[in-house]
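Student: Please take me through one part of this model closely. I am new to it, so keep it brisk.

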Amino acid sequence: MRVVELPDDDNVRLMIARWCLEEWAHLFPEDTEQWYLDMYADAYSSGSNPPHALVALEGDTVVGTASLVPDDDLPGAREPGPWLAAVYVTPSHRGRGVGRALVTAILDRAESDVWLYTENEMSWYESMGWTRVRDSEVNGHPVTVMVNRAV
(Lines give C-alpha, C1' and ligand atoms only; values in the text may rest on other atoms or scores of the structure.)
Protein backbone atom coordinates (compact mmCIF):
# COMPACT_ATOMS: atom_id res chain seq x y z
CA MET A 1 0.00 0.00 0.00
CA ARG A 2 1.24 3.49 -0.80
CA VAL A 3 -0.08 7.02 -0.20
CA VAL A 4 0.18 9.57 -3.02
CA GLU A 5 -1.24 12.91 -4.04
CA LEU A 6 -4.70 12.62 -5.58
CA PRO A 7 -4.13 11.87 -9.26
CA ASP A 8 -5.39 14.16 -12.00
CA ASP A 9 -7.98 11.59 -13.01
CA ASP A 10 -11.62 12.62 -13.29
CA ASN A 11 -12.91 9.11 -12.57
CA VAL A 12 -10.88 8.78 -9.37
CA ARG A 13 -11.92 12.25 -8.20
CA LEU A 14 -15.58 11.54 -8.86
CA MET A 15 -15.41 8.18 -7.06
CA ILE A 16 -13.84 9.80 -3.99
CA ALA A 17 -16.33 12.68 -4.04
CA ARG A 18 -19.15 10.14 -4.01
CA TRP A 19 -17.57 8.22 -1.11
CA CYS A 20 -17.35 11.42 0.92
CA LEU A 21 -20.87 12.55 0.04
CA GLU A 22 -22.30 9.24 1.15
CA GLU A 23 -20.21 9.03 4.33
CA TRP A 24 -20.92 12.55 5.60
CA ALA A 25 -24.29 13.48 4.05
CA HIS A 26 -25.86 13.57 7.52
CA LEU A 27 -23.40 16.30 8.60
CA PHE A 28 -23.34 18.27 5.35
CA PRO A 29 -26.60 17.76 3.45
CA GLU A 30 -25.88 20.72 1.14
CA ASP A 31 -22.53 19.38 -0.12
CA THR A 32 -22.42 18.27 -3.74
CA GLU A 33 -20.11 16.26 -5.94
CA GLN A 34 -19.03 19.54 -7.50
CA TRP A 35 -18.03 20.96 -4.09
CA TYR A 36 -15.63 18.06 -3.60
CA LEU A 37 -14.40 18.20 -7.20
CA ASP A 38 -13.63 21.91 -6.78
CA MET A 39 -11.68 21.19 -3.58
CA TYR A 40 -9.72 18.45 -5.36
CA ALA A 41 -8.92 20.86 -8.21
CA ASP A 42 -7.70 23.42 -5.65
CA ALA A 43 -5.56 20.74 -4.00
CA TYR A 44 -4.02 19.78 -7.32
CA SER A 45 -2.94 23.37 -7.97
CA SER A 46 -2.06 24.53 -4.43
CA GLY A 47 1.60 23.55 -4.37
CA SER A 48 2.88 23.25 -0.80
CA ASN A 49 -0.07 25.10 0.78
CA PRO A 50 -3.36 23.46 1.81
CA PRO A 51 -5.59 22.10 0.54
CA HIS A 52 -3.95 18.73 -0.03
CA ALA A 53 -5.82 15.61 -1.09
CA LEU A 54 -4.22 12.20 -0.81
CA VAL A 55 -5.21 8.68 -1.78
CA ALA A 56 -4.08 5.29 -0.58
CA LEU A 57 -3.41 2.77 -3.33
CA GLU A 58 -3.32 -0.99 -3.15
CA GLY A 59 -1.69 -1.76 -6.46
CA ASP A 60 -3.63 0.54 -8.81
CA THR A 61 -6.83 0.46 -6.74
CA VAL A 62 -7.78 3.47 -4.61
CA VAL A 63 -8.66 2.21 -1.12
CA GLY A 64 -8.79 5.44 0.90
CA THR A 65 -8.47 9.19 0.97
CA ALA A 66 -7.73 12.09 3.33
CA SER A 67 -7.42 15.83 2.94
CA LEU A 68 -5.80 18.79 4.65
CA VAL A 69 -7.93 21.92 4.27
CA PRO A 70 -7.54 25.50 5.51
CA ASP A 71 -11.09 25.53 6.98
CA ASP A 72 -13.36 22.55 7.63
CA ASP A 73 -16.65 24.45 8.05
CA LEU A 74 -17.11 23.81 11.75
CA PRO A 75 -19.70 26.35 12.92
CA GLY A 76 -18.20 28.77 15.44
CA ALA A 77 -14.71 27.27 15.21
CA ARG A 78 -12.07 29.18 17.15
CA GLU A 79 -9.23 26.98 15.95
CA PRO A 80 -7.01 28.43 13.21
CA GLY A 81 -6.58 25.31 11.06
CA PRO A 82 -5.46 23.69 8.93
CA TRP A 83 -7.88 20.81 9.36
CA LEU A 84 -7.57 17.09 8.67
CA ALA A 85 -10.72 16.24 6.75
CA ALA A 86 -12.51 13.47 4.89
CA VAL A 87 -10.47 10.51 6.14
CA TYR A 88 -12.15 7.59 4.42
CA VAL A 89 -11.06 3.98 3.91
CA THR A 90 -13.08 1.48 1.91
CA PRO A 91 -14.80 -1.06 4.16
CA SER A 92 -12.76 -3.94 2.70
CA HIS A 93 -9.49 -2.24 3.72
CA ARG A 94 -10.37 -1.02 7.21
CA GLY A 95 -8.27 -2.31 10.07
CA ARG A 96 -5.18 -2.70 7.87
CA GLY A 97 -3.37 0.56 8.68
CA VAL A 98 -4.62 2.48 5.64
CA GLY A 99 -6.24 5.26 7.68
CA ARG A 100 -3.16 5.61 9.89
CA ALA A 101 -0.93 5.88 6.80
CA LEU A 102 -3.17 8.56 5.31
CA VAL A 103 -3.22 10.59 8.54
CA THR A 104 0.57 10.29 8.89
CA ALA A 105 1.07 11.46 5.30
CA ILE A 106 -1.20 14.46 5.89
CA LEU A 107 0.71 15.41 9.06
CA ASP A 108 3.98 15.14 7.12
CA ARG A 109 2.67 17.86 4.79
CA ALA A 110 1.50 20.20 7.57
CA GLU A 111 3.73 22.99 8.82
CA SER A 112 1.76 23.75 11.99
CA ASP A 113 -0.73 22.27 14.43
CA VAL A 114 -3.49 20.33 12.66
CA TRP A 115 -7.08 20.23 13.85
CA LEU A 116 -9.94 17.83 13.20
CA TYR A 117 -13.38 17.01 14.44
CA THR A 118 -14.90 13.58 14.62
CA GLU A 119 -18.19 12.03 15.67
CA ASN A 120 -16.95 8.73 17.02
CA GLU A 121 -13.28 8.05 16.28
CA MET A 122 -11.74 9.90 19.25
CA SER A 123 -9.93 6.84 20.62
CA TRP A 124 -8.45 5.99 17.23
CA TYR A 125 -7.08 9.52 16.83
CA GLU A 126 -5.82 9.55 20.43
CA SER A 127 -3.86 6.38 19.63
CA MET A 128 -1.96 8.48 17.07
CA GLY A 129 -1.19 11.32 19.46
CA TRP A 130 -4.18 13.60 18.90
CA THR A 131 -5.57 15.47 21.93
CA ARG A 132 -9.19 16.27 22.68
CA VAL A 133 -9.85 20.02 22.80
CA ARG A 134 -13.59 20.50 23.15
CA ASP A 135 -17.03 19.30 22.15
CA SER A 136 -19.02 20.99 19.41
CA GLU A 137 -21.90 20.33 17.04
CA VAL A 138 -22.40 20.11 13.27
CA ASN A 139 -25.99 20.29 12.00
CA GLY A 140 -27.32 18.81 15.24
CA HIS A 141 -24.68 16.08 15.50
CA PRO A 142 -22.18 16.11 18.40
CA VAL A 143 -18.51 16.12 17.41
CA THR A 144 -15.21 16.30 19.29
CA VAL A 145 -12.55 18.79 18.21
CA MET A 146 -8.98 17.46 18.44
CA VAL A 147 -5.48 18.76 17.72
CA ASN A 148 -2.17 17.26 16.72
CA ARG A 149 0.53 19.67 17.85
CA ALA A 150 3.45 20.31 15.51
CA VAL A 151 6.73 19.18 17.04
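Tutor: Look at α2, where Y36, M39, Y40 and A43 are buried (under 20% relative accessible area, 1.4 Å probe, protein chains only). This is a predicted model: local features need pLDDT of at least 70, side-chain atom pairs count only at pLDDT 80 or more, and totals for chains, interfaces and linings use all residues. Residues are numbered from 1 along each chain as its sequence is written, and side-chain values use heavy atoms, with hydrogens and water left out.

Those buried residues fall within an arc of 100 degrees, seen down the axis of α2, so they line one face of the helix. The arc is that of the directions from the helix axis to the C-beta atoms. What do they pack against? Their partners are α1 (10-24), β2 (52-58) and β3 (61-69), with contact meaning heavy atoms within 4.5 Å.

Now turn α2 around. On the face away from its buried side sit Y44 and S45, both exposed (over 50%).

Next, its length. Helix α2 covers residues 33-45, 13 residues in total. From first C-alpha to last it reaches 19 Å, close to the 18 Å expected at 1.5 Å a residue. That expected span is 1.5 Å times one less than the number of residues. Helices (H or I, at least four residues) and strands (E, at least two) are DSSP runs.

Finally, α2 also helps to line the largest pocket. It supplies at least two residues of that lining, as do α1, β3, β4 (83-89), α3 (98-109), β5 (114-118) and α4 (122-126). The largest share, six residues, comes from β4. A pocket is an open set of points on a 1 Å grid where a 1.4 Å probe fits, with protein on both sides within 12 Å along at least five of seven lines; lining residues have an atom within 4 Å of a point.
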